[in-house]
Amino acid sequence: MRISGRAWMVVLSVIPVVFVLVLALGLGFGMRDFRALGRHWANRQAPSSLGWQAPEGGGELTDFSVAEDGRILAIRDGGLCAVEGGNLRPLEANQGLLSLFPQQESGKVWATGTYHRVLALDGTGRSHHDLTVRGAIRNVQNRGDLLGVGFEDAQLERGRVAFFRRLSAGFFEPEGLEIAVGMDRWSGFDLSADGTQLLANLPSGKGVGVWSTATGQLLASWPTERSARVLFWIDAERVLFDKGPTLTIRDAAFANPGNRLMMARVGVSEGLTVVTENFAAVLSSTRGPAKSQIAFGDMEGLVRVVDLGPSPRQRCVFAPKQRGLPWRLRPSEQGLWVYLKSGSSRLEHFKVDGLPASPR
């Protein structure tokens, strides 16, 4: 029996509906999944270069950073490596390194190791031990001769920031001040440009606060429902942090209009400004390619770049063309290096809208 052209049109129009039903019923896809997929396709961007990749089961990186000369340093299997020609070249024996903390302002790279050690990396990528604290280290920042080290406390999702003063090369003396804050693997702290103020989560995990690093006095605070994962100073008076509802892991993996990046002024409890909103749980954040920018990646695989001008705004949003979770972001002069995890592990470089392409 011959099928008419109209019948064929009906069949062809039904196929997409059947496909959607199969995904929804057989694979558990829902409307949130389709919306997330749509956002990925709408913002897809091919990387400008590939630094390194490994197939599933081929090993993952713990962390990485970009040196001033453009070299990429990475930690794998507890050892520090240099990324060269798509391969990892070991720089020294296993040190039990856990994380790297590059300082964009000074160009210095700090590392944390087992036994709660803080190590400094020299120009060759070699590490030397500077000091030890009494908990697992979650963040290290320096402003001039002041060094702030954030480490976990005995209580879950609690931490402390201890301060040290550099007396000479490789020697630090405790300032005698520790500030109790909320801290976990996803949230750290930020120091003001002059090092006089600390931005971090409140110990309760239900707010964001600013403290004096000289006295430990709480100078300002803003309530939140959960710990903020984005914490940055804009200038001497303004700060950025994210806030939103407390969600299950499944719900946190999708964009939520309640998730917002907020700007606040120290000393002003009212008048919070929404910079951008409707994103999934934040996985990583960093200062952007320009010091007047920040970037953060979420569980939907999107990366957002925000300008920190007089009126902060979202500059651009992109999604790596090959899907993956943006586990760590690091700036370069022309864009962002992104460490992606999803089956395979990849280090990819992306240009940022408005910045020139990398000459390398």
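## Hairpins, a core and a pocket

Strand 12 and strand 13 form a hairpin with 5 residues between them, and Glu157 in its turn has a positive phi of about 60°. Helices (H or I, at least four residues) and strands (E, at least two) are DSSP runs, numbered from the N terminus. This is a predicted model, in which local features need pLDDT of at least 70, side-chain atom pairs count only at pLDDT 80 or more, and totals for chains, interfaces and linings use all residues. Residues are numbered from 1 along each chain as its sequence is written, and side-chain values use heavy atoms, with hydrogens and water left out.

Let's stay with strand 13 for a moment. Strand 13 and strand 14 form another hairpin, this one with 2 residues between the strands, and Gly170 in the turn has a positive phi of about 75°. Two strands pair if DSSP finds at least two bridges between them. The table sets out some antiparallel pairs, each with one pair of facing residues.

| Strands | Bridges | Facing residues |
|---|---|---|
| 12 and 13 | 7 bridges | Leu147 and Phe164 |
| 13 and 14 | 9 bridges | Arg160 and Ala180 |
| 19 and 20 | 3 bridges | Leu231 and Phe241 |
| 28 and 29 | 8 bridges | Tyr339 and Leu347 |

Leu147 and Phe164 turn up again in the largest nonpolar core, where Trp110, Leu131, Val140, Leu147, Val149 and Phe164 touch the most other members among 14 residues. Strand 9 (117-121), strand 11 (137-143), strand 12 (146-152) and strand 13 (158-168) each give two or more residues to this core. Strand 12 provides the largest share, 3 residues. A nonpolar core here is a set of buried Ala, Val, Leu, Ile, Met, Phe, Trp, Tyr and Cys residues joined through side-chain atoms within 4.5 Å. Buried means under 20% relative accessible area, exposed over 50%, and partly exposed in between (1.4 Å probe, protein chains only).

Outside its neighbours within four places in sequence, Val140 is in contact (heavy atoms within 4.5 Å) with Phe101, Gln103, Trp110, Thr112, Val118, Leu147, Gly148 and Val149. Ser99, in strand 7 (residues 99-102), counts as buried because its relative accessibility is 15%. With the same four-place neighbours left aside, Ser99 is in contact with Asp63, Ile75, Trp110, Ala111, Thr112 and Arg328. Asp77, found in the loop between strand 4 (72-76) and strand 5 (79-84), counts as exposed at 64% relative accessibility.

Two open sheets are also worth a look. One has 4 antiparallel strands in the order 19-20-21-22. Strand 19 (231-233) and strand 22 (273-279) stand at its edges with a single partner strand each, so one side of each has no neighbour in the sheet. The other has 4 antiparallel strands in the order 2-29-28-27, and its edge strands are strand 2 (49-54) and strand 27, each pairing on one side only.

Finally, the second largest pocket has a volume of about 640 Å³. Glu157, from the turn between strand 12 and strand 13, is among the residues closest to the pocket centre, along with Asp184, Trp186, Arg226 and Arg229, out of 29 lining residues. Helix 3 (249-252), strand 23 (282-287) and strand 27 (325-332) each supply at least two residues of the lining. On a 1 Å grid over the protein atoms alone, a pocket is an open set of points where a 1.4 Å probe fits, with protein on both sides within 12 Å along at least five of seven lines; lining residues have an atom within 4 Å of a point. Grid points are joined across faces, edges and corners, and a volume is the space filled by probe spheres set on the points.
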